Structures are given as C-alpha cells and as structure tokens.
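Q: I'm new to this one and would like a quick tour. Can you walk me through it?

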Number of protein chains: 2
Amino acid sequence: MNKEKLRKYFQSVISMPDDKAFALTEDFEHFLLPRNTFLIEENKNIEKTYFLEIGYIRSFTLDNDGLEVTTNIYSAPCFVNDFSSFFKKLPAKQNFQTITNCEGWAMSLTNVEKYFHNSPEFREFGRLLVLNHYDLLNKRMLDMIKNSAENRYLNLLSEHPDIFQNVPLKIIASYLGITATSLSRIRKEIICS
Amino acid sequence: MNKEKLRKYFQSVISMPDDKAFALTEDFEHFLLPRNTFLIEENKNIEKTYFLEIGYIRSFTLDNDGLEVTTNIYSAPCFVNDFSSFFKKLPAKQNFQTITNCEGWAMSLTNVEKYFHNSPEFREFGRLLVLNHYDLLNKRMLDMIKNSAENRYLNLLSEHPDIFQNVPLKIIASYLGITATSLSRIRKEIICS
DNA sequence: CATTTAACTTGCCATTTGGCAAGAAATCAC
DNA sequence: GTGATTTCTTGCCAAATGGCAAGTTAAATG
C-alpha cells in the first residue's frame with residue numbers, strides 16, 4: 001500500500017508539484033485498525049492526526065444522561081481530527097472511534113509541528129483544512145435549524161448513500177439528532193407514503 | 001473616537017509593535033448603527049468585516065417554519081462576520097443584525113484582501129480569528145449536547161450577565177435553543193426553588 | 001455452520017416542548 | 001409625559017419525541 005491517495009488529497013486542497021507532495025507526506029505512517037477502535041479520547045492529549053483512506057469513523061461525546069451523541073461521521077478519503085483542539089494543543093473535546101475496519105496514514109503532533117514550521121504549503125494546507133471543517137460545522141448547524149429530521153435523513157440518504165450501507169442506523173439517528181426509535185418511525189412513514 | 005481599542009484587539013490576538021498595529025488598522029472606517037440594523041444579509045455578498053466596539057449584535061437564520069433562530073450573540077469588543085463565507089468569498093449563510101445601537105470599525109473586503117496579501121501579521125490574525133470562531137462553534141455544539149436548557153441559561157447568566165441587560169429574552173431563548181415560553185418557565189422554576 | 005451478539009422495528013405510555021392567546025409589564029418614540 | 005409598541009409571563013391544550021421492552025432480523029465470531 002502506497003501513499004498515492006494521501007498525496008492526491010494534498011494536491012486537491014492546494015495545487016503543488018508531485019515532489020512537494022512526496023515531501024509533505026514522507027513522515028506519515030500506515031495504520032490499520034479494527035472496528036470500534038478509539039483514535040482519540042475525550043480529555044486526553046491528541047497524539048496524531050489521521051488521514052482516513054478506507055473505512056468509516058465517527059466522533060461522539062456524552063450528553064447530560066451519559067448517552068453517546070454522534071457529532072460527525074467521516075467517510076474516506078478525509079482527514080480526521082479534533083482540529084480546533086489539535087491546533088490549540090488542548091486535550092480532545094470529543095471521542096473519535098472507528099465504525100468499520102479502517103486503514104490510512106497518521107502523523108505525530110511533533111512531526112506536524114515540524115512541517116508547520118518548515119513548509120508554507122503545509123501551513124496553508126492546515127489553514128484550509130480548518131476553514132473547511134469550520135464551514136462544515138456551520139453547515140451542519142444550519143442544517144439542524146432549517147430542516148426537519150425527516151429532511152435531514154432524506155438529504156443524507158441522497159448525498160451519502162454509502163453511509164447507510166456501512167454505519168448502523170442508531171449512529172446515523174444520533175448524528176441526525178434523533179433516537180433510533182424515531183428514525184425507525186420516520187423510515188416507516190416514508191416507505192408507507 | 002479613535003482606533004485604540006481596535007489596535008489593542010489586534011495586539012491581544014498576536015503580539016505586534018504599536019506601529020504595526022497602526023498600519024493594520026489604517027483602512028478601517030468608523031460606523032455608527034441604530035438598533036435592528038442589518039450588517040449582513042443571508043444569501044447576499046459580504047461587503048465588509050466589522051469590529052464591534054460598543055453594542056450587541058446577533059446572527060440568525062430562518063427555520064423550516066420561517067421563524068428566526070438566533071445562532072450567536074456578539075458582545076463588544078469582538079469581530080463580527082460570517083467568516084467561513086467571507087474567506088471563501090461566498091454569499092452569507094446567515095443574517096447579522098444589531099440588537100442595540102452599535103459603534104465600531106469596518107473594512108471592505110477589497111481592503112481585507114489587500115492586507116491579506118501584503119501583511120503576514122494580518123494573515124496570521126485572520127487565521128487565528130477563524131480558529132477561534134471554529135473553536136467557539138464547537139464549544140457551542142458540545143454545550144447544546146452536554147447541558148440542559150436550564151444549565152445553558154444558568155451558564156450564560158453567570159458568564160455574560162451583561163447580555164441579560166441588553167438583549168431581549170426572546171433572542172436569548174432562541175440562542176439557547178428553546179422558545180421564549182420555555183425560558184420564561186425555566187426562569188420561574190429557578191426563582192421558586 | 002452454528003451460536004452469540006448486535007441491530008432494528010414496533011406498540012404502549014409518559015414526558016417534554018411548543019402553539020396560541022390574553023394580560024401584565026416594560027420600553028420606545030414622539 | 002403619554003400613547004403606542006414590544007416584551008414577558010402564564011394557562012390551556014395539542015403535538016412531537018423519547019423510554020422501555022419484547023420480538024424480529026441481521027451480522028459477527030469462532
């Protein structure tokens with residue numbers, strides 16, 4: 001397994017010659033994790049940043065009653081991290097856990113800092129990653145406000161049908177802001193209409 | 001009225017000598033707006049970025065039923081903008097409106113781009129502003145998950161008591177994710193216990 | 001392949017939250 | 001200062017959502 005997809009990902013965010021892409025991805029190390037494995041744990045220090053090449057990962061935290069609430073579902077290819085905590089060098093505010101078996105590339109915080117210091121391209125990449133994730137979080141907030149749970153379900157189904165074949169409905173329900181029970185009823189309602 | 005607070009704000013985010021701070025704030029222009037004035041309108045292009053020196057501003061959008069949902073309350077001193085749209089040069093995704101009479105400094109997108117191009121300090125400042133707002137949005141999301149409406153109310157009351165003297169409760173309720181009716185009941189419950 | 005475990009659906013009922021509207025209180029604007 | 005407007009509270013009722021638990025289906029594991 002080589003780093004071609006990782007390099008392509010870098011080049012899709014900011015254009016750069018192949019040799020630059022090779023240089024920036026040099027210190028990433030391969031990872032292979034079974035499902036239900038934690039990558040990052042709430043309140044613990046973040047050791048690495050992850051590029052997910054195959055698989056599904058979720059972030060979640062615990063609500064008032066100690067129940068898990070899924071805040072995001074990551075489908076490859078993408079970078080996965082608690083970025084605001086990572087760049088502020090603070091403990092993670094959420095848990096990140098594999099949903100399926102996952103495979104990809106990871107780099108230590110120490111190395112990230114090295115590249116951040118030495119490479120303008122890497123800095124720019126990191127900056128755009130933060131901007132993109134900020135934008136996604138904003139969109140998600142507005143989606144929650146503007147659409148009913150049923151519409152959020154239908155939108156996710158049409159935009160990310162693959163998720164429904166790889167992620168349990170109870171996690172999707174939680175991500176949509178409802179219980180598995182309610183999602184089940186919504187699905188029934190849609191089928192019967 | 002001079003730009004001292006604006007300069008100090010820059011210097012509080014990244015340290016810089018006074019002359020740099022003077023240079024970076026040179027093209028900001030004073031604004032004075034009565035309450036209920038729109039600074040930014042949803043789906044329209046963002047013309048300026050705002051530094052709020054006096055007053056209160058809110059961002060809001062419309063939900064499924066056309067009702068206004070307040071997504072943020074800004075209290076001076078702070079920068080106010082739909083940053084992710086601003087930096088991506090996309091139309092605003094939300095409305096920004098003064099709650100009280102407001103006063104501060106604004107700079108056009110054209111000038112922002114000029115400074116972004118010419119000044120490493122300004123770039124760094126913008127980057128940190130995005131990171132901070134991303135972090136705040138993240139915190140707000142987790143706050144919504146982890147705390148009951150009553151606790152969110154109590155937290156806001158203890159951390160920003162000034163807001164309760166300057167912002168109508170119906171806007172605060174909306175920001176807390178509940179209706180004015182529910183907030184009224186929560187307040188009653190707290191007083192009676 | 002067989003066994004165990006996890007996921008999904010469904011009915012019943014309790015709880016929460018919201019909509020509406022009226023009245024009281026506070027604030028605004030002239 | 002006074003009338004007009006907005007804000008806030010409260011009661012009543014409807015609607016939405018969730019908790020629980022049982023039964024069913026699907027998937028993981030060895």
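A: First, two terms. Helices (H or I, at least four residues) and strands (E, at least two) are DSSP runs, numbered from the N terminus. Axes are lines fitted to C-alpha atoms, for helices over the stretch in contact, with angles from 0 to 180 degrees between N-to-C directions.

Q: And what am I looking at?
A: This is a predicted model, where local features need pLDDT of at least 70 and side-chain atom pairs count only at pLDDT 80 or more, while totals for chains, interfaces and linings use all residues. Residues are numbered from 1 along each chain as its sequence is written, chains are lettered from A and ligands numbered from 1 in the order in which they are written, and side-chain values use heavy atoms, with hydrogens and water left out.

Q: Let's start with chain B. At what angle do the axes of H4 and H5 cross there?
A: At roughly 115°. H4(B) is residues 109-118, H5(B) is residues 120-146, and their axes come within 5 Å. The two helices are therefore roughly perpendicular to each other (65 to 115 degrees; under 35 is roughly parallel, over 145 roughly antiparallel, the rest oblique).

Q: Left-handed or right-handed crossing?
A: Left-handed: the near helix is turned anticlockwise from the far one by less than a right angle, whereas clockwise would be right-handed.

Q: Which residues make the contact?
A: From H4(B), B:Val112, B:Tyr115, B:Phe116, B:His117 and B:Asn118. From H5(B), B:Pro120, B:Phe122, B:Arg123 and B:Gly126. Contact means heavy atoms within 4.5 Å. Five of these residues are nonpolar, three polar and one charged. Ala, Val, Leu, Ile, Met, Phe, Trp, Tyr, Cys and Pro count as nonpolar, Asp, Glu, Lys and Arg as charged, and the others, Gly among them, as polar.

Q: On to the DNA. How many residues surround strand C?
A: 13. The closest are A:Leu169, A:Lys170, A:Ser184, A:Arg185 and B:Ser182. A residue is near a strand or molecule if one of its heavy atoms lies within 4 Å of it.

Q: Which part of strand C faces the protein?
A: Of its atoms within 4 Å of the protein, 69% belong to sugar or phosphate, and the rest to bases.

Q: Which helix gives the largest share of that surface?
A: H9(A), with five residues. H8 (169-176) and H9 (180-191) of chain A and H9 (180-191) of chain B each supply at least two. The surface near strand C has two nonpolar, five polar and six charged residues.

Q: What polar contacts reach its phosphates?
A: One of them involves B:Ser182, with a polar side-chain atom 2.7 Å from a phosphate oxygen. B:Thr179 has a polar side-chain atom 3.5 Å from a phosphate oxygen. For A:Arg187, a side-chain N or O atom is 3.4 Å from one. A polar contact is a pair of N or O atoms within 3.5 Å; within protein, one must be able to donate a hydrogen and the other to accept it, and residues adjacent in sequence count only if both atoms are side-chain atoms.

Q: And which residues are closest to strand D?
A: A:Ser182, B:Leu169, B:Lys170, B:Ser184 and B:Arg185, out of 14 that surround the strand. Sugar and phosphate make up 68% of the strand D atoms that come within 4 Å of the protein.

Q: What about a base of strand D?
A: B:Arg185 has a side-chain N or O atom 3.0 Å from a base nitrogen. B:Leu169 uses its backbone instead: an N or O atom there lies 2.8 Å from a phosphate oxygen. The largest share of this surface, five residues, comes from H9(B).

Q: How do H8 and H9 of chain A meet?
A: Their axes come within 8 Å and cross at roughly 95°. That makes H8(A) roughly perpendicular to H9(A). In H8(A), A:Leu169, A:Lys170, A:Ile172, A:Ala173 and A:Leu176 meet A:Ala180, A:Leu183 and A:Arg187 of H9(A). Six of the contact residues are nonpolar, none polar and two charged.

Q: What about H8 and H9 of chain B?
A: Their axes come within 8 Å and cross at roughly 95°.

Q: New topic: backbone oddities. Where is a cis peptide bond?
A: Between A:Ala76 and A:Pro77, with omega about -5°. A:Pro77 lies in the loop between strands S5 (68-75) and S6 (78-80) of chain A. In chain B, a cis bond joins B:Ala76 and B:Pro77, with omega about -5°.

Q: What is the phi of B:Asn36?
A: Positive, about 65°, although B:Asn36 is not a glycine. B:Asn36 lies in the loop between S1 (29-33) and S2 (38-40) of chain B. Most residues other than glycine have a negative phi, and most peptide bonds are trans.
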